[in-house]
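The following report describes selected helices, a sheet and the surroundings of the ligands. Please read it alongside the sequence and the structure shown here.

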Amino acid sequence: MEQWTEGTRSQRMKLDKAPWSWNKLRRKGSKQFLWVTFSLWTGFTFVGFFVPVRELGPELLSFSAGGWASFWTFFYGFATYGNAGYMREQVCKYMCPYARFQSAMFDKDTLIISYDEKRGEPRGSRKRAADPEALGLGHCIDCTLCVQVCPTGIDIREGLQYECIACAACIDACDSVMDKMNYPRGLVRYSTEHSMKKGETRVLRPRIFVYATLLLVLVAGLVTSMATRTPIILDIIRDRNFLYRELPDGVIENIYTLKVINQRNDARTFQLAVDGVAGIKLDGVPDLVTVDGGGVLSLPVRARAPADSAYGIMDISFTVTDVENPSAMMTEDSRFLGPTP
Ligand code: SF4
Ligand code: SF4
């Protein structure tokens, strides 16, 4: 976006130094407009993971979205704006864990972006037609293009550094120089430290097996958690306004709000049940409730138990069962309160 509005790096530097003018204002203003719009879009799509996204858009535009959704949209948007607009490579260098992983996980046989020192040194400028061997030079013409294109500003010719994010921009830049000089490509290329020094790489080594095992364990954990996932979420909120109510016919009543979340894409019918106290049953709810795909149903319910079995604080559990697939069920514990014996 910066390139679209302000041009190449040198044009941007020139624009920064230039006094304020209509052209500068227009270019900088367009950049900020694009940045802010894009940042808010990332915030919007992020919050859209957690709340129904079709309603979120009109709500945000009409300033009627809830506090939670508005806060995270703006917070995440601000983070994108700050990180991508201003922090840039500092995020890669100091905030992203990738840089720290590499130093811990890499060894001399890891495939990395490498500069072929044997081929490139001694570096130095020369005419295109000149024979580097006759001049006692390697293939690096010291044009520094690989450094200029590096988003983290490192010189790959100094060896692998933790700031390198393996974007391979230096490979493309150097290959274009090699093409112009009629030298073979690959002065900067994917290779290993051992290959560069000794000409061979050891592929099968202990860390490969350790990493493969860890990866397999993680994949197995992911597959198991997906296979055993219950597509229902049940939340129980006890009415805090009163502890219990004694009804005239010798019945104790407690009030709850059940939130049934259907995580499947299609509408499902559920049966509600309560257990834990002799004779307890639900009142004020139909036997079966239907929840839309991805929907949330909020149900105020009354649980009633005979007074002779409801004393003090008792543990009870609510169960929601998918009528068509009874193995899909969710149970949540709660408390039922009665008079102290
Ligand atoms: S791969 Fe990317 S980050 Fe690494 S040195 Fe090359 S240009 Fe820089
Ligand atoms: S781009 Fe290639 S030739 Fe130019 S300085 Fe980097 S390594 Fe040397």
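Helix α13 lies largely in the open, because the number of buried residues among its 22 is zero. A residue is buried if 20 or more other C-beta atoms lie within 10 Å of its own, exposed if 12 or fewer, and partly exposed in between, with C-beta atoms placed from the backbone. The helix covers residues 206-227 and reaches 32 Å from its first C-alpha to its last, close to the 32 Å expected at 1.5 Å a residue. That expected span is 1.5 Å times one less than the number of residues. Helices (H or I, at least four residues) and strands (E, at least two) are DSSP runs, numbered from the N terminus.

This is a predicted model, in which local features need pLDDT of at least 70 and side-chain atom pairs count only at pLDDT 80 or more, while totals for chains, interfaces and linings use all residues. Residues are numbered from 1 along each chain as its sequence is written, and chains are lettered from A and ligands numbered from 1 in the order in which they are written.

Helix α5 (residues 67-87) contains Phe78. Phe78 is partly exposed, because 14 other C-beta atoms lie within 10 Å. Between Phe78 and Ser39 the C-alpha to C-alpha distance is 6.7 Å, with their positions 39 residues apart in sequence.

The ligand shells are set out below. A residue is near a molecule if its C-beta atom, placed from the backbone, lies within 6 Å of it. Ala, Val, Leu, Ile, Met, Phe, Trp, Tyr, Cys and Pro count as nonpolar, Asp, Glu, Lys and Arg as charged, and the others, Gly among them, as polar.

| Ligand | Residues around it | Nearest residues | Classes |
|---|---|---|---|
| ligand 1 | 14 residues | Cys150, Ile156, Cys164, Cys167, Cys170 | 13 nonpolar, one polar, no charged |
| ligand 2 | 16 residues | Cys140, Cys143, Leu145, Cys146, Cys174 | 11 nonpolar, two polar, three charged |

Two elements, α10 (145-149) and α11 (169-181), give two or more residues to the shell around ligand 2. Of the elements, α11 gives the most to this shell, with three residues.

An open sheet holds four strands in the order β8-β6-β10-β11, with antiparallel pairing. Its edge strands, β8 (288-291) and β11 (329-337), each pair on one side only. Two strands pair if DSSP finds at least two bridges between them. Strand β6 (residues 268-275) is joined to β8 by four bridges, and the two run antiparallel. Gln271 stands opposite Leu288 in β8.
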